[in-house]
Amino acid sequence: MVVGGGLAGTTAALALADAGLRVTLIEGRPRLGGLVFSFRRESAAGELSVDNGQHVYLRCCTAYRSLLERIGAMDLVPLQERLDVPVLDPGGSSGRGRMRLGRLRRSALPVPLHLARSLAGYPHLSPAERAGVVRATLALKGLDPADPALDGVDFGSWLRRYGQSARAVEALWDLVGVATLNARAEDASLGLAAKVFKTGLLSAPGAADIGWSRVPLGDVHDDRARTALEKAGVRIALRTRAGALTRGDDGWQVTVENGPHGSEQLAADTVVLAVPQREAHALLPDGALAGKDRLLEIGTAPILNLHVVYDRTVLRRPFFAAVGSPVQWVFDRTDASGLTRVPGNERCQYLAVSQSAAQEEIDEPVAKLRARYLPELERLLPAARGARIHDFFVTRERTATFAPAPGVGRLRPAARTQAPGLYLAGAWTATGWPATMESAVRSGTAAAREALTELGFPQGQLPQEAA
C-alpha cells in the first residue's frame, strides 16, 4: 500500500507494481498529483484551466524526466533546446533609468565555459561583480554537497565570504536560488545551495535547460499518471485518507476514512508513507523511526502565485525573470489555460507570476497584492499599460516545500524505517536535493528499492536510481 498520490507516491506505486506486486494507492484528495495540480476557474474571459503554481524542471532532473517517460507525458512537458533566461531590470542597477534586458544563456562549450559569454555580457552586474561571480563559482565547484559540515552553514554568509555584493546576490545567486530552493541565500543551507548550483550549472553544459508543462498540470500528474497506474494494475482509492497505522503478526493494518463509507481496515505486507512530514509523524507508530519528533522540526516555506488575464498580448516571450522589482518570475500560460479557445479571446493573454520564499506576502489580501503587482508588471511590460484586466486572482501554497534552512539535513530521514515493511517517501526525505519534483520522484524510487530489497528481490530487478 502506498499512502499519498503525489509525485513520490505515484513513483513508488509504479515501481512496486512494475516489480509484480499487488499495489493499492490511497489519496485523500479527489485527484492525484499532490501539490502539482490544476483546477477550473470561471473568469470574465471565460473558463480557464489554472495550475496552482508554476512548476519547472531542469535537464539535470533525470528522475523526474524518467517519470514523465514512464507515464507517457514527456511530449507535454518539453525542455528548451538551450538554457535561455531573459532577465529584466526596470530601472537599471540604480533603480532609475531605462529598462535593461539581460540574458542567462549557455553555449555548446564545455563546463564552465558554456556560461562565460553570457556572464561577460550580463548587464545587471558590474565588471568587478562579474569577476567576483567567477571566483565564487570556482570555489563552489570545489564543495561537496553531501559534506555534513555544509548543512549547518547558510549560503548567504558563504557568498559574502567570497566577496559577493548584495547586487550580485540579488541579480544572480538569488535569481536562481530562490526559485529552486524556495529560500533566499541567507536562509538556505550551503549544502543544498551547492547541490543546486553544482548540479544545474556545473555538471554538464545542458544541465540547466528549463522545461515546463505546455498543458495543465492535471493533464500530466493526474490524467496521465492515473492511466499509467491503472495499466500497471495499481488499485487507486481517491477521497480515502489514512487515519492510523498498526503492525500485527500478519503485517500492517491501515485504518482509512473514505467519506460516506466511514472507516475501514485495509491490510498490507508493505506500506510506503508518501505524505508530508507532519502527516507522516502522526501516522508513524512509536519506535518506527528514531528521533521521530525531528520531523516536526522540518519547517515549511510558502509560494505565492498571482494570475492576471489581460485583454491583449503584453508579453512576447514564454517567460522572464526580473531583478530590481518585487516580481520574480513571469510565465505565459495563455495556451495551456485554454483561454484563446474561447471565442472573442484570441488577443487575450494570461500571465502567471511565481513568487517563491513568500513569507511576507502569503497572507496579504488580494486587493493589496493587486495594487502592488499590477503597476510592477506595467513597469516591466510597457505593453500592459492601459490594458484591460479581465481577471486577477491569487493561489497560495502556505506549505509548498520544506524550508531548506541550515541544519535541515540532519532532520531528513532515509526511506527505510526501523519497522519491517514500512518506508517513507516525499521530497522532504533524505534525497540530497531541495524540495523539488526531482526530489519527490527520487524519494519514491528510494522507498520502492528499499521495500523490494527487504522482500528479497535481487539487485538486478530493483528500480534504477537516477544518475
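Visitor: What makes the second largest cavity a cavity, and how much space lies in it?

Guide: About 30 Å³ of space lies in the second largest cavity of this predicted model. A 1.4 Å probe fits there but cannot get out, so the word is cavity and not pocket.

Visitor: How many cavities of 30 Å³ or more does the structure hold?

Guide: Two. The largest has a volume of about 60 Å³.

Visitor: Back to the second largest one: what makes Gly6 a lining residue there?

Guide: A lining residue has an atom within 4 Å of a cavity point. Gly6 is on the list, along with Leu7, Thr10, Gly33, Leu67, Ile71, His221 and Ala225. Helix H1 (7-18) and helix H9 (217-231) each supply at least two residues of that lining.

Visitor: How do you know how many charged residues that lining has?

Guide: Asp, Glu, Lys and Arg count as charged, and the lining has no charged residues, just four nonpolar and four polar. Gly counts as polar, so Gly6 and Gly33 go in that group.

Visitor: And which charged residues line the largest cavity?

Guide: Asp51 and Arg333 are in its lining, and Asp and Arg both count as charged. That fits the split there: four nonpolar, four polar and two charged. Tyr350 lines the largest cavity too, and Tyr counts as nonpolar.

Visitor: Which strand gives the largest share of that lining?

Guide: S4, with three residues. Strand S4 spans 46-51, so Ser49, Val50 and Asp51 are the ones from it. Strand S17 (349-356) also supplies at least two residues.

Note on methods: Residues numbered from 1 in each chain as written. Predicted model: local features only at pLDDT ≥ 70, side-chain atom pairs only at ≥ 80, totals over all residues. Heavy atoms only, no water. 1 Å grid on protein atoms, 1.4 Å probe; cavity = no way out; pocket = protein on both sides within 12 Å on 5 of 7 lines; lining within 4 Å. Points joined across faces, edges and corners; volume = space filled by probe spheres on them. Helix = DSSP H or I, 4+ residues; strand = E, 2+ residues; numbered from the N terminus.
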